Amino acid sequence: MLTSEERAEIEAEAGHYPTRKALCIEALEVVQRHRGWVSDDALRDVAALLGMTPDELDGVATFYNLVFRKPVGRHVALFCDSVSCWIMGANRLREHLCQRLGVAPGGTTSDGRFTLLPVVCLGACDHAPAMMVDGDLHLDLDPAVDPAKVDAILERYP
Amino acid sequence: MAETPLTARIRPGAEPLDLAGYERAGGLEGLHKALQMTPAAVTAAVKDSTLRGRGGAGFLTGLKWSFVPTGPTTPRPRYLVANADEMEPGSFKDRLLLEGDPLQLIEGMVIAGYAVQADVAFLFLRREYTLAAERLRRAIAQAYAGGLLGRDILGSGYALELHLHVSAGRYMCGEETGLLNSLEGRRANPRTKPPFPPVAGLWGKPTLINNVETLCNVPHVLARGAEWFRALGSPRNGGTKLYGVSGKVKRPGLWELPMGTTVGELLDRAGGMRDGLRFRGCLPGGASTDFLTDAHLGVHLDFDEVPKAGSRLGTGTMIVLDDRTCPVGMLENLEHFFAQESCGLCTPCWSGLHWCERILTALEAGEGRPQDLQVLEFQTRFNAPGHTFCALAPGAVEPLQSALKYYRDDFERHIRERRCPWR
């Protein structure tokens, strides 16, 4: 069941579009904001609310990389793996994060604190390598330049 | 001192100006002028300015506007979309405009909307641009409160609603027909063209889609005139350009410079290469442009001159390749991106780009075979323009085809030595 709060937030966007279906990406975002991810049950509820079949909605949901169809940790760390960051040490950053968190990209730490995911270019190429944690952009993260910097950032997300 | 209309009001590290400050700093002059003109005259002024699409294609903006059918018997509502889905690897120009001066974009959207008599506007923003979203929401609220949006804009009788749409990822959303599908609540697959979006776009209605930087130029064209705007740039390429440099240069960054600035001048702005490194080439306008080399330092970076050198201006944000970075590894990274972001609709793209990535991974692992280079060359032709619905695949093979030309020895060394010489 969607909560009344979730339903209200979804319906607040309804006036922007001529069809119910057009609401679906923002509706999935509303659910994810409240629950961290979009479960099968939540997907069915959103589909029913918007007059879509669950399969149709899942076809949309699984297309977009920022719709999480599996549970994620309390914090989601998105490290950029695109070309400018790659040149500036994104692989070192990835290895450092994997080692510190004890997970591979796509994984969630056993304490449920972090999910680590690659992401395409964050538009911060002049401060590469870059990473985004829960919507906060962090810049100039080459561990070869400042190994403690990444660790200090992770500390800020308990 | 050259003029920098796009960034003049942007103060690094500070909050953007509010509506009162924006107006004091010269904002809204363009909108006031536009609303006193006929919509057709606004379009004509933009066409006359030679403003060209800053999303990368360089299409004449005013000409695109003129394709939107207006008049009493044409379909409504008409839509305007600002493409703020900046996701081209190496591009970081629109973020500055969105975060630094959101009212400039809104003013540009209202003028564009007026010119094509749009009823509803969407600002399509990628989810990761969280600071931009926060500032845009505030600016949109100020614009409604100040009478720049909604009914009877500044007493002109023109009405425009503007909605911020925050996307959920995927590079394909930046492709204009993929963006339309996404706004309709679908997978962001491209649509066949024609019909083009100005004729049949969102929900089949006329829809104008412009890039953020394009729209941000519009208020200045109206405020200062087409002639002034043309004089800022190079022939048939009016205005300034937000140019960027990333990679191992001394000072990576973003600068607003006259359109037509050369590759060498831009590299100088970035302080040149870091000590001990040599410039081997660059992708002048993001990941989906062909390499330029040190033979091209004199090339003027505009939509006509870069193609003469075998590449494209693209987004104007240059990615520099140095001599300690492996070009084959760089291509592996690029083709991984394009293969991952392929939406899966067209066979040359979903099949071919993964194939390219696998071959490049093999080359990097020392498992390349001599015939691999012929396969890669075949793929650059297989994914050429006209074989797929959208420009993702042709863009994906641009850096590949030029790397095979300029860095051939490096590819061959990987195969001959059965290893990556840079590791």
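## The nonpolar cores

In this predicted model, Leu363(B) touches eight residues beyond its close neighbours in sequence, namely Val328(B), Gly368(B), Asp372(B), Leu373(B), Leu376(B), Phe411(B), His414(B) and Ile415(B), where residues up to four places away are not counted. Leu363(B) also belongs to the largest nonpolar core, which has 95 residues. Within this core, the members that touch the most other members are Tyr64(A), Met330(B), Leu363(B), Leu376(B) and Phe411(B). Residues of chain A and of chain B therefore both belong to this core, since a nonpolar core is a set of buried residues joined through side-chain atoms within 4.5 Å.

A second core, separate from the largest one, has 59 residues. Among its members are Val42(B), Leu105(B), Leu149(B) and Leu162(B).

## The interface between the chains

How many residues of each chain take part in the contact between chain B and chain A? On the side of chain B there are 53 residues, and on the side of chain A there are 37. The size of an interface is often given as the accessible area lost when the parts come together. For chain B and chain A, this buried area is about 3700 Å², and carbon and sulfur atoms give 61% of it. Three residues, Arg127(B), Glu128(B) and Arg187(B), supply 16% of the area that chain B buries against chain A, which is more than any other three residues supply.

The polar side of the interface may be described by two counts. There are 15 residue pairs in polar contact across the interface, with both residues at pLDDT 80 or more. The number of salt bridges between chain B and chain A, by contrast, is zero.

Several elements of chain B each supply at least two residues of the side that touches chain A. They are strand E3 (161–166), helix H8 (176–183), strand E5 (240–246), strand E8 (317–322) and helix H13 (327–341). Which element gives the largest share of this side? The answer is H13(B), with eight residues. Sorted by class, the side of chain B that touches chain A consists of 23 nonpolar, 17 polar and 13 charged residues.

## The fold of chain A

Chain A has 158 residues, of which 53% count as buried. Its secondary structure comprises seven helices and four strands. Along the sequence, these elements follow the pattern α-α-α-α-β-α-α-β-β-β-α.

The C-alpha atoms of chain A fill a box of roughly 50 × 30 × 25 Å along the principal axes. Among the contacts in chain A with a separation of 6 or more, 60% are between residues 24 or more positions apart.

## Two residues of chain A

Ser39(A) is placed in the loop between helix H2 (24–35) and helix H3 (40–50) of chain A. Is Ser39(A) buried or exposed? Ser39(A) counts as buried because its relative accessible area is 17%, and the cut-off for buried is under 20%. The side chain of Ser39(A) reaches the backbone nitrogen of Ala42(A) at 3.1 Å. Between Ser39(A) and Asp136(A) there are 97 positions in sequence and 25 Å in space, C-alpha to C-alpha.

Asp45(A) is found in helix H3 of chain A. Asp45(A) is partly exposed, because its relative accessible area is 23%. Leaving out residues up to four places away in sequence, Asp45(A) touches Met1(A) and Leu2(A). A polar atom of the Asp45(A) side chain lies 2.8 Å from the backbone nitrogen of Met1(A). Leu2(A) and Asp45(A) are 43 residues apart in sequence, while their C-alpha atoms are 6.5 Å apart in space.

## Two buried charged residues of chain B

Arg280(B) lies in strand E7 (residues 279–283) of chain B. This residue is buried, with a relative accessible area of 16%. Its side chain makes a polar contact with the side chain of Asp410(B) at 2.9 Å. Apart from neighbours within four places in sequence, the residues in contact with Arg280(B) include Thr293(B), Asp294(B), Asp322(B), Asp323(B), Tyr407(B) and Trp422(B).

Glu398(B) is located in helix H16 (residues 392–406) of chain B. Glu398(B) is buried as well, with a relative accessible area of 13%. Which side chain does the side chain of Glu398(B) meet in a polar contact? The partner is Arg312(B), at 3.0 Å. Not counting residues up to four places away in sequence, Glu398(B) touches Ser288(B), Thr289(B), Asp290(B) and Arg312(B).

Key:
Residues numbered from 1 in each chain as written. Chains lettered and ligands numbered in written order. Predicted model: local features only at pLDDT ≥ 70, side-chain atom pairs only at ≥ 80, totals over all residues. Heavy atoms only, no water. Buried < 20%, exposed > 50% of the residue type's maximum accessible area, 1.4 Å probe, protein only. Contact = heavy atoms within 4.5 Å. Buried area = accessible area lost by both parts, 1.4 Å probe. Salt bridge = Lys/Arg side-chain N within 4 Å of Asp/Glu carboxyl O. Polar contact = N/O pair within 3.5 Å; in protein donor to acceptor, adjacent residues only side chain to side chain. Nonpolar A, V, L, I, M, F, W, Y, C, P; charged D, E, K, R; others polar.
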